[in-house]
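Subject: Structure for you to look at

Hi there,

Here is the structure I promised to pass on. Have a look at it first, and then read on for my notes.

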Amino acid sequence: MAPFDDWNVIDDEEEEELQDASFFEGKRDVILFCIDCSESMHELRDDPVYEDVKTSHLLTALDAAMQIQKKKVIVGPNDSVGILLFNTTRPNEVKGYASEIKKNCFVYQPIAPISAPTIQELICLLDEAREDPDLLRSTFPPVQGKKTPMGDVFTSCNWVIRDGAPKTASKRVFLITDDDNPHPNSKQLLTSSRTTLIDLTQAGVQVEPFFISTPEKPFDSIKFYSSVLPSNTLTDEDEEDPGMLPTSISITRIDDLLSQMRFHEVPKRALFSIPFELGKGFVIGVKGYGLITEQKKGLYKYFVDLGDRMEVANSRTVYLDEDRQLEVDRNKIVFGGKLGAAPADASEEEEDISMAASRTVKAGHRPFYTADEIRSFRTCDLEPGLKLLGFKNKSDLTFEDNIKHSLFVYPDELKYSGSKRTFSALLQKMLEKDKIGLVLALTRRNATPVFCAMVPQAETTEQGGWSEPAGFHLVFLPFADDIRAAPIDEALRASDEVKNAARSWIDKLCIKNGTYPPDSYPNPALAYHNAQLQASAFREEFDAESFEDLTRPKYDMIHKRAGPLLKDWKKALMNDENIDRVIATTGSKRKADTSVDEADLRSKYASETMGKLRVDQLKEFLKSKGLPISGKKADLIERAGEWLEKH
C-alpha cells in the first residue's frame, strides 16, 4: 500500500467524524408567527413606502413574515414556518384543528416546510390588501369587546407546533402585538398566561416577542408581559425585579419590524456545552455561542442526466489501495509521518502497525499512528472544558492579541446546578475590579488547547429595546510562534500645509457617530446571488439594474461635500517639496547556506561524489578543521579527502 504522508492533516470528513457534531445533524429551524388581529392592529395609516397607499400594523406584520419566508427559500429551504392569528373571529377551516385551537385563534398557515406556492399566496393577499385597505379587516375580522386570553393563545401555539414541527428542530414563536395590557385587572388570566407559557417553553419552544410602540400609543411591557415572559437575566429568580424586561424583548417602531426580525431570524445555537473549572473540584457549566459567522453561498447538488429525467447524484468518500486499486476499510487507515526512511516490507509493516497499546518501531522504519493517537497528540489528552488560570488587568489585553472571532460564554444550569449564580458572582466581581480572566480552553474533542482571555460584559440596553446580555467574551490569544514584528521604515514626512489640507476633507467625510455599523451593510456578492435565486424560485424577472449595493460609496455626495477641499489638497500636494523625492532602497540578498554536515561529507566521500559540493562548502569544512583553503576545487576535494581518510 502506498504510504500516507499527510499524517498530521485530517481532511474535512475526518474532522467531522472525530468531533461531536450530533447536535447539528438534522437541526432545522421552525418559526411560528403569532400575530395580533385586534382593532388597533387594523387601524389604517399612510404607507411609508408606497404613495397614496394605506397600510396597517397587521399588513406590516404579515409583510415581514412574507419577507422572512422568501429569504428562507434560499438560506433555509429545509426550515418550516407557520402563521397563527389571534383576536379574530374567523373560524378554522383546517380539519383536526377545530377542537384543539382555542376560540378566536385562526391558523392561516399551518407549520410546513418552506414552499414558493404558499409564499405566493401570501404575496397575492398583501397586494390585494394594498389596493383594498378594508380587505384584511373583512378577511380576518377583529373580535369586539373582550379579547382572547393570552393563555389560550400560547396553548394554540403549542398545538400548532406539536402537530407540524419536527422533534429535533429549534422551535420559536414570534409574538407580534401592539397591546401592552390585554387583560387589565385580571390576575387569574395573568397567572393562566404564565402557566401555559411555561408549558410551551418546557416543550422546547422559545418565545421572542416584538412589541409595536408608536408615539400615539407607546408600549409599556411592565403592565403585563414583564410578569409573563421568562427573564434571561443572571440574577436569581427570588431576587428578580418584577419590572425588569427579559433580554429577548424587542420593542420597535412598526417601520423597523422587519429589520428587528432579521436580528432574531437565525436561531441561537450553542457551539459547545462544556464544564468550566474555577478551582480544584469547583466546576460550573457554560455554553459558547458564535457572534460572527461568515455567510456563504449554498452548496450545489450534483445531478445525472438520464435522458428523460434528472436524478440527484449522491457523493461518498472511499479510500483506495493505490497499488491494488481496491477499496480499503476506513477503520484500517493509519497516519504515517513524512520524515524517516521508506516503509518496510509488507510483512514487517503489518507487524509494526499492530493496534496494541505500545509499538516498537525498528530503526530506519517509518512510525504509524491511529486516529485516536493523532487526536491524543492534538488535544494533549485533555477533555473539552475551560480551566481558569488566573486574572490580569484589562489594560494588559491589546488589540493585536485578538487573532480570530471571539465566542460568547453564558452559564448552563442544566449540567451543573448553581452555575447561573456562580457565573453571575464571578462576572460582577470582575467588572467591579476591571479584570480579565486567563483560561485554558478546549472547546471540542478534536480541537487544539489554546489560551484565551475571558473579558466580562455587563448587560446594556440600547435604543429600540435591543439589549446586550451579560456574559464573557472568550478572546483567543496568540502563541509565541504566531507573533510577527512589523518592520517600520522611516519615510518622507508631509508638510503642515499638506496635512491641514488633508484634514479638511477628511473631517467632511467622517462616518456618522464615528462608527461603522456592520449590520447595515450586507455582503453585496451574496445578496446579488440570493436575489437571482429568489427571482428564479418565484418565477419573477430579475432586474439587475434595480439591485442596490449598499457598500458602494456615494460618489455624488462625496464630491458635493468635499470636492473643492480635495482639489485644494491635490494642489498643496503637487507644490510639496518632497513630491518628486524617492527613497532609494537596496535589496538584501539572502546568503547561501555554506554549512555542510560531516556525515553527509563522509557519505559523498564513500560514494565518490564530493564533486557535487560547492567551493564555499568545501572551504567552510576545511576552515572548521584548521586546514588551508587556498587552491582550486580539485585541491580542496583532495585535501578534504585526505583528512577524512585519516580520521
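Let me begin with the charged side chains. Asp-29, Lys-72, Asp-79, Arg-172 and Glu-208 are joined in a network of salt bridges. Please keep in mind that this is a predicted model.

Within that network, Lys-72 pairs with Asp-29, and their closest N and O atoms are 3.2 Å apart. The pair ties together distant parts of the chain, as Lys-72 belongs to helix 3 (residues 57-75) and Asp-29 to strand 1 (residues 29-36), 43 residues apart. Both Lys-72 and Asp-29 are buried.

The structure has 19 salt bridges, and two others are worth a click. Arg-324 bridges to Asp-321, with 2.8 Å between the closest N and O atoms. Here Arg-324 is exposed, at 56% relative accessibility, whereas Asp-321 is buried, at 2%. Asp-616 forms a salt bridge with Arg-614, and the closest N and O atoms are 3.2 Å apart. Asp-616 is partly exposed, with a relative accessible area of 28%, and Arg-614 also counts as partly exposed, at 36%.

That brings us to helix 16, which spans residues 615-624 and has Gln-617, Leu-618, Phe-621 and Leu-622 as its buried residues. Looking down the axis of helix 16, these buried residues fall within an arc of 130°, so they line one face of the helix. What do they pack against? The partners of the buried residues of helix 16 are helix 15 (598-606) and helix 17 (633-646). Lys-623 and Ser-624 are exposed on the other side of helix 16. Just after the helix comes Gly-626, with a positive phi of about 75°.

Positive phi turns up in residues other than glycine too. Asn-185 has a phi near 60° and sits in the loop between strand 6 (170-177) and helix 7 (187-202). With 85% relative accessibility, Asn-185 is exposed. Asp-381 also has a positive phi, of about 60°, and is located in the loop between helix 10 (371-379) and strand 17 (385-393). Asp-381 is exposed as well, its relative accessible area being 61%.

Strand 6 is also home to Thr-177. Is Thr-177 buried or exposed? At 1% relative accessibility it counts as buried, since the cut-off for buried is under 20%. A polar atom of the Thr-177 side chain lies 3.1 Å from the backbone nitrogen of Asp-179. Beyond its neighbours within four places in sequence, Thr-177 is in contact with Asp-36, Met-41, Phe-210, Phe-211, Ile-212, Phe-219 and Tyr-225.

On the surface, Ile-511, Tyr-516, Tyr-521 and Leu-550 make a nonpolar patch of about 390 Å². Of these, Ile-511 is placed in the loop between helix 12 (496-508) and helix 13 (524-537).

Finally, some overall numbers. The protein contains 17 helices and 23 strands, and 36% of its 647 residues count as buried. Among contacts with a separation of 6 or more, 70% are between residues 24 or more positions apart. The accessible surface is about 40,600 Å², and carbon and sulfur atoms account for 51% of that.

Happy viewing, and best wishes!

Definitions and conventions
Residues numbered from 1 in each chain as written. Predicted model: local features only at pLDDT ≥ 70, side-chain atom pairs only at ≥ 80, totals over all residues. Heavy atoms only, no water. Patch = residues over 30% accessible without salt bridge, like charges linked within 9 Å, V, L, I, M, F, W, Y side chains within 5 Å. Areas by Shrake-Rupley, 256 points an atom, 1.4 Å probe, with all protein chains shown as cover. Salt bridge = Lys/Arg side-chain N within 4 Å of Asp/Glu carboxyl O. Helix = DSSP H or I, 4+ residues; strand = E, 2+ residues; numbered from the N terminus. Buried < 20%, exposed > 50% of the residue type's maximum accessible area, 1.4 Å probe, protein only. Contact = heavy atoms within 4.5 Å. Arc of directions from axis to C-beta. Polar contact = N/O pair within 3.5 Å; in protein donor to acceptor, adjacent residues only side chain to side chain.
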